[in-house]
Amino acid sequence: MSESSEILTKLDKFRAKTIESLSEIDELDVVCKSIVQRYLNDIQSINSSALFKIQAIIDYMHEQVHIGNWREVPEYVRKTITVAAYLKLLGHVKCADVFTNDAIKESFKIIDFGLVFGCPLDSEPDLLHDCVTILNPFHEKVYRNVSLTLDSSASGTAAVDVSKLNAIPIEVLQFPCLSKFYSNVVLGEKPVILDNTFNHWPALAKWKDHNYFVKLAGMRTVSIEIGSSYTDKDWTQKLMTIEDFIKNHICQNKVSGYLAQYQLFQQIPELKNDIAQPDYCCFSDNEEPVDTMAWYGPKGTISPLHHDPKKNLLTQIVGEKQLFLFSPEDSENLYPHEHELLHNTARVDPTAPDLEKYPKYKNAKPYHCVLRAGQMLYIPPKWWHYVQSLSISFSVSFWWN
């Protein structure tokens, strides 16, 4: 039996449950659903023409995802993407005469498209993650001896001079107990740095080496922000592999690329083994899960002054970041954008405020810190914050209500 046939046999074990899931996409139009049913029931009939039809369904659903608000996308649309991605993967492996590195890379690309734009099926919630598990041994062989080197401009840490900005240093607490954190910090609604709270995390050692991510997930596709700031007209997002992102942006110090506010740990759950949800997140107003987001980029990346509705523990794993924070009481002095999509983002740059253009800023009271690896910064809800990477940086945000 060929390598492709062996892989297909393993992937085929999920087909029966996937067929059961078709009741979850009943709203799909008759033509698309008949195509999905036909090839799920008979994968041996999948050929290049069938793959073209399956891709057309994926493209059509992808268009539906981008109509209106992401949260308002009908669930059946995203579930159809999941099912069609699995079906395309079966067809791709079946039609591959030899399972080359390119074939492996295309397999992960298909899966990741399903993970990024699809959603779990009730009948087979781990479908695409289970497909990744089958393919991971091939990924490990390809990247076993990888070694990407940093350009000289990518290393080092930028200097910080805030002497002329009249900023108040943010208080540092050494591993506060939960009761003190709740009474003094959460109820007090003030930003603080928490030191020595996660020294046991494997990520502190492992993530220093960018090759760790390449070896673990170099072929995996992620969404990268392209542009100096999301407020710029030329800002966009681009799908690329983790290997390409690290090679072309981290190693070359291209600040235009940023893996920002990304649900990396849902897509690549192996990385969750290197971190843990802080106990400080237990002080919640509801039963909703904590949102865990990744921020990975070269020296110089910037998140403009903005605020978020949830409590935030910004956890610095690699490198250093400079932050300016402002109380919600300072909102008027920070000149928020008037456009609805940017109402939570300010026009002022706290590192170089233009007082002629924004005269009220002189009344604002900035707080400042340099967040270093091994530290957490608690940012209360609605507090404005500006974030700039001073070196190659990897941070994890824990957001909760």
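Trainee: Which lysine is buried, with a relative accessible area of 2%?

Mentor: That's Lys79, and 2% puts Lys79 well inside the buried class, because buried means under 20% relative accessible area. Keep in mind that we're looking at a predicted model.

Trainee: What does Lys79 pair with in a salt bridge?

Mentor: Look for a carboxyl oxygen within 4 Å of the lysine's side-chain nitrogen. Here the partner is Asp122, with the closest N and O atoms 3.3 Å apart. The two come from distant parts of the chain: Lys79 sits in helix α5, while Asp122 is in the loop between α6 and α7, 43 residues apart.

Trainee: And is Asp122 buried or exposed?

Mentor: Exposed, because its relative accessibility is 61% and the cut-off is over 50%. So this salt bridge has a buried lysine and an exposed aspartate.

Trainee: Which residues are joined with Lys79 and Asp122 into one network?

Mentor: Glu24 and Glu75. Salt bridges that share partners link those two with Lys79 and Asp122. Across the whole structure, the search turns up 13 salt bridges.

Trainee: Where do Lys190 and Glu171 lie?

Mentor: Both are in loops: Lys190 between α8 and β3, Glu171 between β1 and β2, 19 residues apart. Their side chains meet in a salt bridge at 3.2 Å, N to O. Lys190 is partly exposed at 31%, and Glu171 is partly exposed too, at 40%.

Trainee: What about Arg372, what does it form a salt bridge with?

Mentor: Glu320, with the closest N and O atoms 3.4 Å apart. Arg372 belongs to strand β11 and Glu320 to strand β10, so the pair ties together parts that are 52 residues apart in sequence. Arg372 is partly exposed, with a relative accessible area of 42%.

Trainee: Let's move to a helix. How many residues does α4 have?

Mentor: 18, running from 48 to 65. To read a helix, compare its reach with the expected span: α4 covers 26 Å from its first C-alpha to its last, close to the 26 Å expected.

Trainee: Which residues of α4 are buried?

Mentor: Ala50, Leu51, Ile54, Ile57, Ile58, Met61 and Val65. They cover an arc of only 120 degrees around the axis, which puts them on the same side of α4. On the other side, Ser48, Phe52 and Glu63 are exposed.

Trainee: What covers the buried residues of α4?

Mentor: The cover includes α3, α5 and α6. α5 is also the helix that holds Lys79.

Trainee: What happens at the start of α4?

Mentor: A side-chain oxygen of Asn47 reaches to within 3.1 Å of the backbone nitrogen of Ser49.

Definitions and conventions:
Residues are numbered from 1 along each chain as its sequence is written. This is a predicted model: local features need pLDDT of at least 70, side-chain atom pairs count only at pLDDT 80 or more; totals for chains, interfaces and linings use all residues. Side-chain values use heavy atoms; hydrogens and water are left out. Helices (H or I, at least four residues) and strands (E, at least two) are DSSP runs, numbered from the N terminus. The expected span of a helix is 1.5 Å times one less than its number of residues. Buried means under 20% relative accessible area, exposed over 50%, partly exposed in between (1.4 Å probe, protein chains only). The arc is that of the directions from the helix axis to the C-beta atoms. Contact means heavy atoms within 4.5 Å. A polar contact is a pair of N or O atoms within 3.5 Å; within protein, one must be able to donate a hydrogen and the other to accept it, and residues adjacent in sequence count only if both atoms are side-chain atoms.
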